[in-house]
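Trainee: I am new to this one and would love a guided tour. Could we look at it together?

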Amino acid sequence: MYKIALVEDDSELSLLISTMLKRYDYEVVVINDFEHALERLIELKADVVLLDINLPYVDGFHICKHVRKKSIVPIIMISARNNDSDQILGMELGADDYVIKPFSVEVLHSKIKASIRRAYGALTHEKSNVVFGNFSLDYRTFIVSNQGNEIELTKSEFKLLKYLIENLNELVHRESLLRELWDDVSFIDNNTLNVNISRIKNKLKEIGIEEVIQTKRGYGYRFVPTALEKVNE
């Protein structure tokens, strides 16, 4: 049974969501101590977090950012705000999905199942890391290492680099990469991907790796492992 943590200050909506999800055989823990919601989430170690944006004391963005620093738990943001900037910000802070009020519990359930499948269904059957000579990417900690130097990626950066590595030497279309970050790419600004790829390149550069990610302007990106051989000669 998967454990769902629900942080929602609308008591009626919270009751509706928790009641319906329990019918789908989830364990639902409702967090209504909003002043200490962050601490409670970290202690709870839920399998999925449903997190409202508009909360007393601190907003959901703040909580999402700090939970993501300590955990890779899937986070689904809940909000009445129907604008691109909030959805993009949620993704940048590490959220896995976003649902806009009003919504049906069936839609929410489908997003929960998709998040669980991505976070646990795939990883539990994968190897724990990938290695090319002195280069390695740890799938559990999101740490990239090269010749003893290490740097940690954000969840979004990890997803992108992992996807590129899984498609070695292939030119991966921008839209395919965006779908790795978010189920619905219709609202995402093109600059979102550019920023994330730029951050990955900068982090790799910090540990002595350059030119391993190649860009074809207007189309996509390619991970070229042969560039690692030059780095580590």
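Trainee: What radius of gyration does the protein have, and what would a compact globule with 233 residues have?

Mentor: Good place to start, and keep in mind that this is a predicted model. For 233 residues, a compact globule would have a radius of gyration near 17 Å. The protein agrees with that expectation, as its own value is 19 Å.

Trainee: How many helices and strands are there in the protein?

Mentor: Let us set the scene with the extent of the chain. The C-alpha trace spans about 60 × 35 × 30 Å along its principal axes. Within the protein you will find 9 helices and 12 strands.

Trainee: Which helix gives the most to the largest nonpolar core?

Mentor: That core has 31 residues, and Leu137, Val144, Leu161, Ile213 and Phe223 touch the most other members. The elements that give two or more residues to this core include strand E7 (135-138), helix H6 (155-166) and helix H8 (190-206). With 6 residues, the greatest contribution comes from H6.

Trainee: Which leucines does phenylalanine 223 touch, leaving out residues up to four places away in sequence?

Mentor: Phe223 is one of the residues that touch the most other members of the largest core. Its contacts include Phe132, Phe135, Ile165, Val212 and Ile213. The leucines among them are Leu161, Leu164, Leu168 and Leu228.

Trainee: How many residues are in the second, separate core?

Mentor: Look for Ala37, Leu41, Ile63 and Cys64, which are among its members. This second core is separate, and its count is 23 residues.

Trainee: Is aspartate 52 buried or exposed?

Mentor: Find aspartate 52 in strand E3 (residues 48-52). Beyond residues up to four places away in sequence, aspartate 52 touches Val7, Glu8, Asp9, Gly60, Ile78, Ser79 and Lys101. Buried means under 20% relative accessible area. At 2% relative accessibility, aspartate 52 therefore counts as buried.

Trainee: How far apart in space are valine 29 and valine 49, C-alpha to C-alpha?

Mentor: Valine 29 sits in strand E2 (residues 27-30), and at 16% relative accessibility it counts as buried. Leaving aside neighbours within four places in sequence, valine 29 is in contact with Lys3, Ile4, Ala5, Leu6, Arg40 and Leu44. Valine 29 and valine 49 are 20 residues apart in sequence, and their C-alpha atoms are separated in space by 9.7 Å.

Trainee: How far apart do the centres of the positive and negative side chains lie?

Mentor: The protein has 30 positive and 36 negative side chains. The distance between the centres of the two sets is 3 Å.

How values were computed
Residues numbered from 1 in each chain as written. Predicted model: local features only at pLDDT ≥ 70, side-chain atom pairs only at ≥ 80, totals over all residues. Heavy atoms only, no water. Helix = DSSP H or I, 4+ residues; strand = E, 2+ residues; numbered from the N terminus. Rg over C-alpha atoms; globule rule 2.2 N^0.38 Å. Lys, Arg positive; Asp, Glu negative; His and termini not counted. Charge placed at Lys NZ, Arg CZ, Asp CG, Glu CD. Core = buried A, V, L, I, M, F, W, Y, C linked by side-chain atoms within 4.5 Å. Buried < 20%, exposed > 50% of the residue type's maximum accessible area, 1.4 Å probe, protein only. Contact = heavy atoms within 4.5 Å.
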